[in-house]
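Trainee: I have a new model open and would like to go through it with you. Could we start with the charged side chains?

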Amino acid sequence: MPTMKTKTELLKDARARVPEVQPVELSRQSPKPVIIDVREKQETDGGILPGAKHVPRGFLELRIEETVPDRNADVVLYCAGGTRSLLAAKTLAEMGYTRLRSMAGGFGAWKDAGLPVEMPVRLTDAQRARYSRHLLIPEVGEAGQAKLLNSKVLLIGAGGLGSPTALYLAAAGVGRLGIVDDDVVDESNLQRQILHTTDRIGMPKTESAKKTIQALNRDVAVDEHRVRLNRDNAFELFSKYDLIVDGSDNFGTRYLVNDACVLLGKPNVHGSIFRFDGQATTFVPGGGRPCYRCLFPEPPPPELAPSCQEAGVLGVLPGIIGLVQAVEAVKLILGRGEPLVGRLLLYDALEQKFREVKYERDPACPACGEQPMRELLPEYTEASCAIAPRRTEAATPVRVTATA
Ligand SMILES: [Zn+2]
């Protein structure tokens, strides 16, 4: 006859083998142990412990080795009331895990103690299907996709750069896109501004952008800001978004975007294009990191700055630079990788070459320097499309810019 054990005996065995930890004690422990929530999926709707990994009891033996590869790691399991986690911990002990505890009283006791809980991410079935290729990437996954869906990005301009950026951010599931543009679609835009179509000539660009984006992905809310960005509306517009993607085509706007971002502490992903040349870089205010004014202290003199119409731009080029900006935006939202902070990425389409120039914060910068500005600087003139000589490399002026 095999030995039969009652539930009570099983629990008694588990208790003898697995120590328990009280919720308050667990909340104060530093460094934090690995916390595993072994409840069923629907039980986590009311929240989970901050930082806990969810491995339902039914999958525990199958998934624990990839979740906690180190068998000597400090591991705490919990369930709803403290019983299932005790039994689960006993099973893990049999698998060779050496430092296991079970949280006494489970999630209920944690909540009753007034300790913080984290609401879990819930993608719909449709979202799981749509973003399945993101969910497969460990650096994105369900949590990363939820960050994207909860993120708010403001695009300055729905032109050459803003078009590819908006399309790919929308496809990636960035939940809210604000678009600032006071222009209407012109026939000459269609060579590169892929948000817009021939039948929309004369339509406001924000309206055309919204139509295109919503046809692509209904998860994305689009805010139309049919205005020209200026010193009076910049703060209010920027404050509603997590980060700004600057696809503007003139220096006045770029300085204004920079200064407002520095004052509000918002990341600013910059791109510019000129004929066959493009540039991209990212500014994240604070921590001694440089801003746009550190890189380009002054707009170029007008004689070095041909107008957009005169200069021209290869239609495909903004696709490259706008998508570098989109990648930067997604990385910042996910908190993954190395953004282009302090690095100016230069692209030469004719040579098909990328190169990178490092730059640093200028202590004398009027925006982010030792004496930081308290409000927007007096003037943001609309210097035309152009070419900005970089302070660090004045001998070889970098043609940067315009014609978004
Ligand atoms: Zn600066």
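Trainee: How many salt bridges does the count come to?
Mentor: The count comes to 20 salt bridges, where a salt bridge is a side-chain nitrogen of Lys or Arg within 4 Å of a carboxyl oxygen of Asp or Glu. Please keep in mind that this is a predicted model, in which local features need pLDDT of at least 70 and side-chain atom pairs count only at pLDDT 80 or more, while totals for chains, interfaces and linings use all residues. Residues are numbered from 1 along each chain as its sequence is written, and side-chain values use heavy atoms, with hydrogens and water left out.

Trainee: Which residue forms a salt bridge with Arg 343?
Mentor: That is Glu 356, and the closest N and O atoms are 3.0 Å apart. Glu 356 lies in strand 13 (residues 353-358) and Arg 343 in strand 12 (residues 343-348), so the pair ties together parts that are 13 residues apart in sequence. Strands here are DSSP runs (E, at least two residues), and helices are runs of H or I with at least four, both numbered from the N terminus.

Trainee: Different topic: is Ser 151 buried or exposed?
Mentor: Ser 151 counts as buried because its relative accessibility is 4%, and buried means under 20% relative accessible area, exposed over 50%, and partly exposed in between (1.4 Å probe, protein chains only).

Trainee: And where does Ser 151 lie?
Mentor: Ser 151 lies in the loop between helix 8 (141-149) and strand 6 (152-156).
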